[in-house]
Amino acid sequence: MKLGIGARITAVFGLGALVLSVLLGGISYFTVRHFLLAGRESAAQQQAFSNASVVRNSLESGDTQYVFLLGQVDAGTGAHSVLYHRSKAYVSSLSVNASSIPAQLRKEVLAGTPATQTYRNAAGQEEIAVGLPVPSVHAAYFEVFDLSDLDHTMSVLGLTLFVAGAVTTLLGLALGRFASRRLLRPLSDVTSAAGAIAGGELDTRLDVEAADPDLVGLTLSFNAMVDQLQERIEREARFNSDVSHELRSPLTTLSAAVGVLEIDRDRLPERSQRALQLLSDDLRRFQRMVSDLLEMSRADAGSVDIFLEEVNVSELVQRSVETGIGHMDGRRHGTPEVVVDPQVEDWRVGVDKRRFERVLVNLMENADHYGGGVTTIAVGPGPAVEPAPGRLVEVSVDDAGPGIDPAERAKVFERFYRGSASGRRGTGTGTGLGLALVAEHMHVMHGDVRVESSPDGGARFVLSLPVLSNGDGDGDGDGDGARDELVSEKEVDA
Amino acid sequence: MSGRILVVEDDERIRSSMRLALEGEGYEVKDAASGEEGLDLFAEAPTDVALIDLMLPGMDGFECCRALRRSSAVPIIIVTARADTHDVVAGLEAGADDYVTKPFVAKELAARIRALLRRARPAEEEPGALTFGDLQLLPEQGVLRRLNGEEVHCTRTEFRLLCELAASPNKVLSREQLLDRVWGYDYFGDGRLVDVHIRRLRTKVEADPAVPQHILTVRGMGYKLVP
């Protein structure tokens with residue numbers, strides 16, 4: 001898993017604090033220990049030296065009351081003496097014996113060299129043993145000092161340093177987290193701005209005044225980028241709209257002129273009649289293409305005025321299919337059957353009837369061109385949704401084709417998208433905008449469209465619309481007087 | 001069917017082709033390139049239907065409609081670039097009876113004109129005289145007047161709409177029915193035509209158009225006339 005920049009910054013801060021505190025703690029610990037130990041060592045050596053001279057004096061004077069002798073010198077607390085005299089060892093207390101002295105030290109001292117050694121005894125306690133040869137009386141004097149108090153001091157110090165280190169590390173982590181948040185805050189502004197822009201709010205800009213001084217460059221170039229993007233999109237939309245508008249005038253002339261010719265069609269020679277047929281068919285197609293493009297560019301420009309009318313959904317679908325068939329161009333695969341679920345018979349929806357008819361025409365044409373014709377059109381209840389009365393009604397259009405690959409399903413609603421079926425353009429119908437317009441029209445009417453596969457394996461396009469009323473309270477609820485039936489809305493971007 | 005049509009359109013080529021198409025359908029056509037010229041032509045010779053483009057140089061189509069409406073009840077069709085704009089509603093409110101969008105199909109335009117001319121003649125089945133409020137509707141004479149004898153002027157479309165509602169008082173007529181009977185549209189006719197005309201009718205018929213007593217909206221269903 002890849003760590004985010006925030007997590008990484010936090011981790012670096014935490015790790016830095018940890019390394020630093022380990023380093024400082026370690027140095028302090030060992031320095032203190034070294035210093036304390038050195039002090040104890042020299043003190044031990046001094047004491048052992050003076051004791052050894054007492055022992056030597058006694059032995060030189062022939063006194064061999066060893067226990068008494070050792071009892072005399074064994075003054076310091078936690079210090080015990082061991083005396084080797086004439087190959088025998090004498091101890092000052094029961095807590096030590098000859099084997100308490102590390103073998104190495106004993107060997108060195110018995111060989112005549114004074115030595116000091118720090119070690120842990122069998123019980124695990126730290127001790128210092130100082131050994132002094134007393135050659136004049138053929139003896140060796142050892143003194144063992146208990147260092148457990150030093151041990152205790154050091155463990156308290158160690159614990160303190162450990163706690164301090166842990167706290168420092170945690171503080172480092174917290175600081176890292178804070179710093180990364182601070183560092184990333186301007187980026188989250190950029191993220192939300194970019195999201196808004198992607199969502200169509202092209203007027204979104206970053207606030208240059210409020211930007212971090214180090215990020216002014218980023219802010220400025222971000223805004224410049226959006227400016228250019230917006231300008232380009234608007235220029236494109238304007239161009240599309242202008243082109244389509246400009247095409248209208250000649251189209252109107254052409255259409256009227258062809259209308260004149262059609263009145264006199266029967267008087268024309270047969271060749272001219274056929275030419276006229278081609279002319280008027282393609283003129284119609286051209287008109288549709290221009291109006292499709294215009295529709296699209298208006299949707300892009302965000303200037304769609306929509307007038308939604310409350311109608312019965314099953315009547316709407318039936319009428320749209322009947323009338324729509326007359327408006328379809330290209331080959332046809334018969335009249336589709338419309339199946340209405342009895343449950344939705346009285347349901348009413350808010351639509352622009354012409355737009356809805358276009359939606360169905362486009363779906364039926366699409367089915368004819370790519371799916372072997374429509375098999376069934378069904379109207380049925382959809383899932384419950386949030387706003388009251390909280391239902392969707394679904395109109396599904398099934399075709400007899402091979403279905404649409406799941407990977408292609410989202411793409412079929414893109415403009416000029418021609419999927420794997422692009423080879424089958426038939427007699428050259430379709431503008432490439434059909435399904436894109438279906439999606440556009442449905443969104444404008446607060447509905448949606450999706451594609452799935454029908455039980456027979458063909459494609460199934462499902463239109464969904466919010467239900468305005470499900471026919472329960474259909475009394476003549478007049479009384480709201482002049483209230484206009486048409487829900488009229490204007491969808492404009494600021 | 002013959003009739004005299006005034007075409008007000010600034011694009012010369014569209015004007016010529018419209019003239020050709022309408023003459024081909026048997027109409028007598030006069031054309032004007034501006035609103036002012038159109039009003040002059042209208043004043044000079046009798047006209048049965050006026051066809052007015054909304055986008056005109058100088059006096060625009062809306063103003064031209066209003067000017068015509070002030071002096072006449074002649075049926076007006078406006079020609080608009082887009083169906084889904086407030087232009088349509090604004091044009092209808094300026095007094096137009098119907099609209100077509102560019103590029104229109106000549107046949108469709110001819111059908112709209114035929115429907116308007118038909119409306120100018122009495123319907124086959126007229127309702128009897130009906131009195132509601134202080135108004136008296138006399139369909140056979142084509143007259144709507146107040147009980148004090150003062151005549152209420154309305155366009156033929158408004159009058160036909162009122163007659164259709166009066167033919168079955170208290171019964172709800174859907175937009176589709178009214179569009180079919182008054183304008184000759186099928187199910188896909190534009191419901192705004194009905195709404196705007198009802199609104200205009202109310203300003204003439206109702207004491208307070210905001211609180212109508214006679215021409216009532218039935219939500220989700222349509223309209224009805226309550227005597």
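**Exercise 1. The long pair in chain A**

In which hand, left or right, does α1(A) cross α4(A)? Work out how these two helices lie against each other, keeping in mind that this is a predicted model.

*Solution.*
- Start with the geometry: helix α1 (residues 5–60) and helix α4 (residues 148–198) of chain A pack with their axes 7 Å apart, at an angle of about 160 degrees.
- Angles over 145 degrees count as roughly antiparallel, so α1(A) is roughly antiparallel to α4(A).
- Now for the hand: the crossing of α1(A) past α4(A) is right-handed.
- Finally, look at what sits in the contact of α1(A) with α4(A): 22 nonpolar, 15 polar and three charged residues.

**Exercise 2. A crossing in chain B**

Find how helices α7 and α8 of chain B are oriented, and pick out the residues that make their contact.

*Solution.*
- Locate the helices: α7 covers residues 175–183 of chain B, and α8 covers residues 191–205.
- Their axes come within 9 Å and cross at roughly 85 degrees.
- Anything from 65 to 115 degrees counts as roughly perpendicular, so that is the label for α7(B) and α8(B).
- On the α7(B) side, the contact uses B:R175, B:L178, B:L179 and B:W183. On the α8(B) side, B:G191, B:L193 and B:V194 take part.
- Sorted by class, the contact of α7(B) with α8(B) has five nonpolar residues, one polar and one charged.

**Exercise 3. Helix α6 of chain B and one of its residues**

Check the length of α6(B) against expectation, then decide whether this helix is largely enclosed or not. Finish with the surroundings of B:T157.

*Solution.*
- Length first: α6 of chain B runs over residues 156–167, which is 12 residues. At 1.5 Å a residue, the helix should span 16 Å, and because its end C-alpha atoms are 16 Å apart, the two agree.
- Next, burial: nine of the 12 residues are buried, so α6(B) is largely enclosed by the rest of the structure.
- The buried ones are B:T157, B:E158, B:F159, B:R160, B:L161, B:L162, B:C163, B:L165 and B:A166.
- Zoom in on B:T157, which lies in this helix. The cut-off for buried is 20 or more C-beta neighbours within 10 Å; B:T157 has 26 inside that distance, so it counts as buried.
- Who are its contacts? Setting aside neighbours within four places in sequence, B:T157 touches B:P75, B:D97, B:R119, B:V182 and B:H197.
- One more distance to check: B:A96 is 61 residues away from B:T157 along the chain, yet their C-alpha atoms are separated by 9.5 Å.

**Exercise 4. Where the chains meet**

Describe the side of chain A that touches chain B: which elements supply it, and what classes of residue does it hold?

*Solution.*
- Count the partners: 36 residues of chain A are in contact with 36 residues of chain B.
- Among the chain A elements, α5 (216–263), β6 (303–312), α7 (313–327) and α8 (353–370) each supply at least two residues to this side.
- The biggest giver is α5(A), with 12 residues.
- By class, this side of chain A divides into 10 nonpolar, 11 polar and 15 charged residues.

**Exercise 5. The two chains in outline**

Draw up a short profile of each chain.

*Solution.*
- Chain A has nine helices and 13 strands. Of its 494 residues, 29% are buried.
- Among the chain A contacts with a separation of 6 or more, 69% join residues 24 or more positions apart.
- Chain B comes to eight helices and 10 strands. Of its 227 residues, 46% count as buried.
- For chain B, residues 24 or more positions apart account for 55% of the contacts with a separation of 6 or more.

Technical notes:
Residues numbered from 1 in each chain as written. Chains lettered and ligands numbered in written order. Predicted model: local features only at pLDDT ≥ 70, side-chain atom pairs only at ≥ 80, totals over all residues. Helix = DSSP H or I, 4+ residues; strand = E, 2+ residues; numbered from the N terminus. Expected span 1.5 Å × (residues − 1). Contact = placed C-beta atoms within 7 Å. Nonpolar A, V, L, I, M, F, W, Y, C, P; charged D, E, K, R; others polar. Axes fitted to C-alpha atoms, helices over the stretch in contact; angles between N-to-C directions. Parallel < 35°, antiparallel > 145°, perpendicular 65-115°, else oblique. Left-handed = near helix turned anticlockwise from the far one by under 90°.
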